[in-house]
Amino acid sequence: MPGYYDISDILMEDEAVSVVFHVGANGVGLLDPGTETNSVEKGAKIDLPFWLAHELCRRRAVSITIPSCFGQKMKKDVQADAACVDLGTRYPYFYEFGCKLFPLVGDKSIGPFLRHTFANRYKEMLSKSHTASLNAIPKFVLRLSKEEYQLFEAARSSMVEFKKWRVRDLGLMKTTIVGHKRKTDLH
Amino acid sequence: MAGQTDHSISIFSAAEVEFIAEDEMIEIVPNIRMNALNLLCGDFGPFLPQIPCTVPLWLAVALKKRGKCSIRTPDWMSVEKLTQVLEAERESPREFQPLPFHYVEISRLLLDHAHDDIPEVYMVRSLIEDIRNVRFHKVESGLETISGRTHAVKLKNLSAMEVNLVRPFMARVLQAFYKHDSPEMVQQADTSASKRPQVVDRGPRRDLRPR
């Protein structure tokens with residue numbers, strides 16, 4: 001289990017998953033907004049935060065249904081164009097969540113699906129992240145999940161720092177080189 | 001500073017790499033007379049006018065700033081050699097040409113402080129820039145080929161500053177790929193246990209140069 005103290009882990013576990021109760025539970029009617037008595041029926045479908053669902057699943061009290069972010073629609077989106085899928089706003093914890101969910105749910109295809117998504121998006125991200133400048137945030141950054149954003153940030157900050165170091169003492173003289181920029185085609 | 005921003009992946013700032021590079025030896029021609037310097041890192045012989053001697057780069061730059069010497073350009077920094085290197089870099093799409101490990105830092109320091117000692121300084125500067133760009137593009141295109149099975153990436157003849165540039169990104173990418181790959185390999189072996197015994201495989205090593 002990574003990071004008891006890891007903030008992004010804690011935040012990630014707050015995601016809601018839909019579960020189906022195997023047993024009835026008393027005194028926790030708070031979880032089900034539609035119940036009259038203070039209890040949850042067996043077979044009820046409830047949305048729980050992931051940390052709770054994880055524990056209950058381990059005790060075999062519930063079974064987790066796959067959330068929509070790993071469902072068919074998402075798979076079709078990824079197959080169409082992985083780089084355009086907007087993970088940043090909808091599912092920022094896409095990868096971490098998937099990795100945690102994977103052992104609990106019966107669907108074995110989530111793992112390869114995650115990797116496939118990541119591999120495709122990674123290629124697009126690679127070139128863009130190194131050339132992005134400090135101020136202009138390209139739009140695609142908003143589409144990255146938290147994990148991908150860290151990668152992007154690592155590349156960009158090291159690139160920016162290197163550029164700053166280069167120009168440090170020269171001031172204006174560096175502009176003579178900028179004109180020499182030509183795209184070297186290696187293929 | 002080293003390791004400040006992220007504890008899991010320690011990075012050096014560019015200034016630190018430059019500091020390490022300043023230990024390289026370089027030839028100077030002093031124009032004053034000075035006694036020998038006995039330093040912890042070594043003894044640097046008595047300085048006589050117009051007699052060339054070898055000193056560390058930091059000492060050379062310090063003397064140059066005070067106008068006490070002139071720096072002799074290292075061999076690899078001549079226009080002919082650099083043009084050769086540039087052509088060779090452009091021709092081989094996956095190999096890196098052997099260059100001094102700290103060529104970026106050394107060239108920058110010399111171009112800053114000793115530009116009157118270097119013949120054809122503008123040509124040299126633009127050549128080094130071009131070489132740097134070509135090599136960086138090669139690094140990027142090589143990184144594209146990393147897949148989940150990569151355990152290590154081999155980059156031969158890469159210089160210190162270039163390594164420092166891609167270090168955090170590459171380390172994290174390899175970590176991410178490893179994290180995504182290993183449980184699934186185990187899971188898939190469980191479901192297809194009849195196929196073949198699970199071998200602890202090393203995966204094909206991704207070289208960025210042809211073997």
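**Exercise 1. Cysteines**

Find how many disulfides the whole structure holds, then look at the surroundings of Cys41(B) and Cys57(A).

*Solution.* Step one: a search over all chains finds 0 disulfides, a disulfide being a pair of cysteine sulfur atoms within 2.5 Å. Step two: for Cys41(B), which is in no disulfide, the nearest cysteine sulfur belongs to Cys53(B) and is 14 Å away. Step three: Cys57(A) is buried because its relative accessibility is 9%, whereas Cys41(B), at 53%, counts as exposed. The cut-offs here are under 20% relative accessible area for buried and over 50% for exposed, with partly exposed in between (1.4 Å probe, protein chains only).

A word on the ground rules: this is a predicted model, in which local features need pLDDT of at least 70 and side-chain atom pairs count only at pLDDT 80 or more, while totals for chains, interfaces and linings use all residues. Residues are numbered from 1 along each chain as its sequence is written, chains are lettered from A and ligands numbered from 1 in the order in which they are written, and side-chain values use heavy atoms, with hydrogens and water left out.

**Exercise 2. A helix pair across two chains**

Describe how H7 of chain A packs with H1 of chain B, and list the residues of the contact.

*Solution.* Start with the general recipe: two packed helices are described by the angle between their axes and the distance between the axes. Helix H7(A) covers residues 146–166 and helix H1(B) residues 14–21; the angle is about 55° and the axes are 9 Å apart. Axes are lines fitted to C-alpha atoms, for helices over the stretch in contact, and angles run from 0 to 180 degrees between N-to-C directions. That angle makes H7(A) oblique to H1(B) (under 35 degrees is roughly parallel, over 145 roughly antiparallel, 65 to 115 roughly perpendicular, the rest oblique).

Next, the residues: H7(A) brings Glu161(A), Phe162(A) and Trp165(A), and H1(B) brings Ala14(B), Ala15(B) and Glu18(B). Contact means heavy atoms within 4.5 Å. By class, the residues of this contact divide into 4 nonpolar, no polar and 2 charged. Here Ala, Val, Leu, Ile, Met, Phe, Trp, Tyr, Cys and Pro count as nonpolar, Asp, Glu, Lys and Arg as charged, and the others, Gly among them, as polar.

Finally, look at the segment before H1 of chain B, where Ser13(B) is found. Ser13(B) is buried, with a relative accessible area of 14%. Leaving aside residues up to four places away in sequence, Ser13(B) touches Glu161(A) and Asn164(B).

**Exercise 3. The sheet of chain A with order S4-S1-S5**

Work out which strands stand at the edges, how the strands pair and where their side chains point.

*Solution.* First, the layout: 3 strands form an open, antiparallel sheet in chain A, in the order S4-S1-S5. S4(A) (45–49) and S5(A) (62–64) are the edges, each with a single partner strand, so one side of each is left without a neighbour in the sheet. On average, neighbouring strands are turned by 45° against each other, direction ignored. Helices (H or I, at least four residues) and strands (E, at least two) are DSSP runs, numbered from the N terminus, and two strands pair if DSSP finds at least two bridges between them.

Second, the pairing: S1(A), residues 16–21, joins S4(A) over 5 bridges in the antiparallel sense. Ser18(A) has Asp47(A) as its bridge partner, and Val20(A) has Lys45(A). On the S5(A) side there are 3 bridges, and Val20(A) stands opposite Ser63(A).

Third, the faces: in S4(A), Ile46(A) and Leu48(A) point to one face and are buried, while Lys45(A), Asp47(A) and Pro49(A) point to the other and are not. In S1(A), the covered face holds Val17(A), Val19(A) and Phe21(A), and the uncovered one Ala16(A), Ser18(A) and Val20(A).

**Exercise 4. The sheet of chain B with order S4-S1-S5**

Describe this sheet and the helix that packs on it.

*Solution.* The order S4-S1-S5 belongs to an open sheet of 3 strands with antiparallel pairing in chain B. S4(B) (53–56) and S5(B) (69–71) are the edge strands, each pairing on one side only. The average turn between neighbouring strands is 50°, direction ignored. S1(B), residues 25–30, pairs with S5(B) over 3 antiparallel bridges, and Val29(B) has Ser70(B) as its bridge partner. Helix H2(B), residues 57–65, packs on the sheet and touches S1, S4 and S5 of chain B; its direction makes about 105° with that of S4(B).
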